[in-house]
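Welcome to a short tour of a protein model. Take a moment to turn the structure around, and then we will go through its parts together.

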Amino acid sequence: MTRTKIVDALKSTRYGEKINVKGWVRTHRSSKAVDFIALNDGSTIKNVQVVVAPDDCPVTFCGKEASLKDVTTGACLSVDGVLVESPAAGQPSEIQASTIEIYGLCDNTYPMQKKGQSFEVMRKNAHMRLRTNTFGAVMRIRHNMAMAIHTYFHEHGFFYFHTPLITASDCEGAGNMFQVTTKNLYDLKKDENGKIIYDDDFFGEQTSLTVSGQLEGELGATALGSIYTFGPTFRAENSNTPRHLAEFWMVEPEVAFLDQEGLMDLEEDFIKYCVRWALDNCKDDLEFLNKMIDKTLLERLQGVLCDEFVRLPYTEGINILQEAIKNGKKFEFPCNWGDDLASEHERYLVEEHFKKPVIMTDYPSAIKSFYMKQNAEQGEGSVGYKGAVAPGPTMQGTDVLFPQIGEIIGGSVREESYDKLMGEVEKRQMDTTHLWWYLDTRRWGTCPHAGFGLGFERLILFVTGMQNIRDVIPFPRTPKNAEF
């Protein structure tokens, strides 16, 4: 008999039809006359109830007779039976079992028992936590967000562009990169100054795992017009926080002939599309997470769609934060002009002051990357939004700040002038050895362009209401943790 997925069985009204379902046991309870088995196969958050009359339903395991006592939480079953309308509230149908085959037994050491487990315990059992209701919901939403991203960009004329995972350049300039080498680490070849020689390495030079596909993505944009990358990135940053991973996924569109206003429009439209997709396609999972994880989740998601994002220059944001401090607000970190805002500052602006998402613009150039375009005529004493004075040069950044998360998107207009870009490179005393190809795009047929980076796991955090980024990726990679 052909297997029916549980999501389809629950939608079916073909009562009286014989069907086969397969899945894992969530619960099993017995009474004198009948047993009830809640079965789930991962296709939906909902279980199908299997009703078993013990005397009329043979149970087998490996071709031999078995007992209903062997059907424990976590066991894997194949059930043949008749689909019937359920008399119980909250479930449209159930299956009256005729035969049960046990594929896999599960003893009482199974870590994902019916009783609640802490997220910390589940992280230690990441190979089994995917079978729980919570992580099943999160992973289905993660899949849907990936589909939303690809669909959005395809519908808007972007090309999916694959950038390298192994690179000799450091996009962010922070140096927190994982090295890639085939060298014998116990016998490293060095020069007279003690520096490692890489001419005998696989690539003949020092290489690392990428922190971003942006620089290569800009090459695609200057040829194809509009591209996006979507793939894993890596940072060797020793950060044990609920917002950081060593391996994570980034979505990075780059668009030729796009200015700052157009970039902000793209950021807002894109993220609203993703949220709307989740609400339209993940109803059952979101309702479960709204009930079990964050009771404000659905309201917050709807709020993103209803509100226009605030567009707030950094200088005015600093003024708002400093005014809040004068009125008694306590922050752990300073927030003077020129400081890189901490998550607490970003969340104050979004959650307490404006109570809606914010796109923060025009950051001080000194705290942002070398490739970001400076605002024209920005210098000492320049006047910005609502008369706010920017004490120094600013650049055309467009970072999207979200409730519960802080920064979810980091974007900017890219500097297209070769002379200006080289001036910034020299000012920062950057080594351009591995950036010659990037600089060539400004020498030959340069064009205005802009783009942003979305941390995919941060999007999943927001859409699911989960509180730790390690719980929205199947197998988190963090300092001292590379299991599974």
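Which residues are linked in a network of salt bridges? They are E261, D265, E268, K272 and R311. Keep in mind that this is a predicted model.

**The whole protein**

Let us step back for an overview. The protein has 13 helices and 20 strands, and its C-alpha atoms fill a box of roughly 85 × 60 × 45 Å along the principal axes. Of the 484 residues, 50% count as buried. Among contacts between residues at least 6 apart in sequence, 68% join residues at least 24 apart.

**The sheet of 8 strands**

One open sheet has 8 strands in the order β8-β12-β13-β20-β19-β18-β15-β14, with mixed pairing. Strands β8 and β14 stand at the edges with a single partner strand each, so one side of each is left without a neighbour in the sheet.

Strand β12 (residues 226-234) is a good place to look: 9 of its 9 residues are buried. It runs parallel to β8 (residues 159-160), to which 2 bridges join it, and there Y160 has Y228 as its bridge partner. With β13 (residues 247-256), β12 runs antiparallel, and 9 bridges join the two. Within this pairing, T233 of β12 stands opposite F248 in β13.

Two helices can be found against this sheet. Helix α5 (residues 214-224) lies across β8, β12, β13, β19 and β20, running at about 30° to β13. Helix α10 (residues 343-353) packs on the sheet too, touching β14, β15, β18 and β19, and its direction makes about 95° with that of β19.

**The sheet of 3 strands**

Another open sheet has 3 strands in the order β9-β11-β10, with antiparallel pairing. Here β9 (166-167) and β10 (179-180) are the edge strands, each with a single partner strand, so one side of each lacks a neighbour in the sheet. Strands β9 and β11 (residues 207-209) are joined by 2 bridges, and T167 has S208 as its bridge partner in β11.

**Charged side chains**

The structure holds 26 salt bridges. Here are three of them, with the separation of their N and O atoms.

| Pair | N to O separation |
|---|---|
| R123 and E120 | 2.8 Å |
| K183 and D200 | 2.6 Å |
| E268 and R311 | 3.5 Å |

R123 and E120 are 3 residues apart in helix α2 (residues 119-124), which separates them by about one helical turn. E120 counts as partly exposed, with 44% relative accessibility.

K183 and D200 form a salt bridge in which both residues belong to the loop between β10 and β11, 17 residues apart. K183 counts as buried at 11% relative accessibility, whereas D200 is partly exposed at 46%.

The salt bridge of E268 with R311 links helix α6 to strand β14, across 43 residues of the chain. E268 is buried at 7% relative accessibility, while R311 is partly exposed at 26%.

**A buried charge without a salt bridge**

Finally, visit E267, which also has its place in helix α6 (residues 260-281). How far away is the nearest side chain of opposite charge? That side chain is R311, 7.4 Å away, and the buried E267 has no salt bridge. The side chain of E267 does make a polar contact of 2.8 Å with that of T398. Leaving aside neighbours within four places in sequence, the residues in contact with E267 include I359, V400 and F452.

How values were computed
Residues numbered from 1 in each chain as written. Predicted model: local features only at pLDDT ≥ 70, side-chain atom pairs only at ≥ 80, totals over all residues. Heavy atoms only, no water. Buried < 20%, exposed > 50% of the residue type's maximum accessible area, 1.4 Å probe, protein only. Helix = DSSP H or I, 4+ residues; strand = E, 2+ residues; numbered from the N terminus. Pairing = 2+ DSSP bridges. Lys, Arg positive; Asp, Glu negative; His and termini not counted. Salt bridge = Lys/Arg side-chain N within 4 Å of Asp/Glu carboxyl O. Polar contact = N/O pair within 3.5 Å; in protein donor to acceptor, adjacent residues only side chain to side chain. Contact = heavy atoms within 4.5 Å. Axes fitted to C-alpha atoms, helices over the stretch in contact; angles between N-to-C directions.
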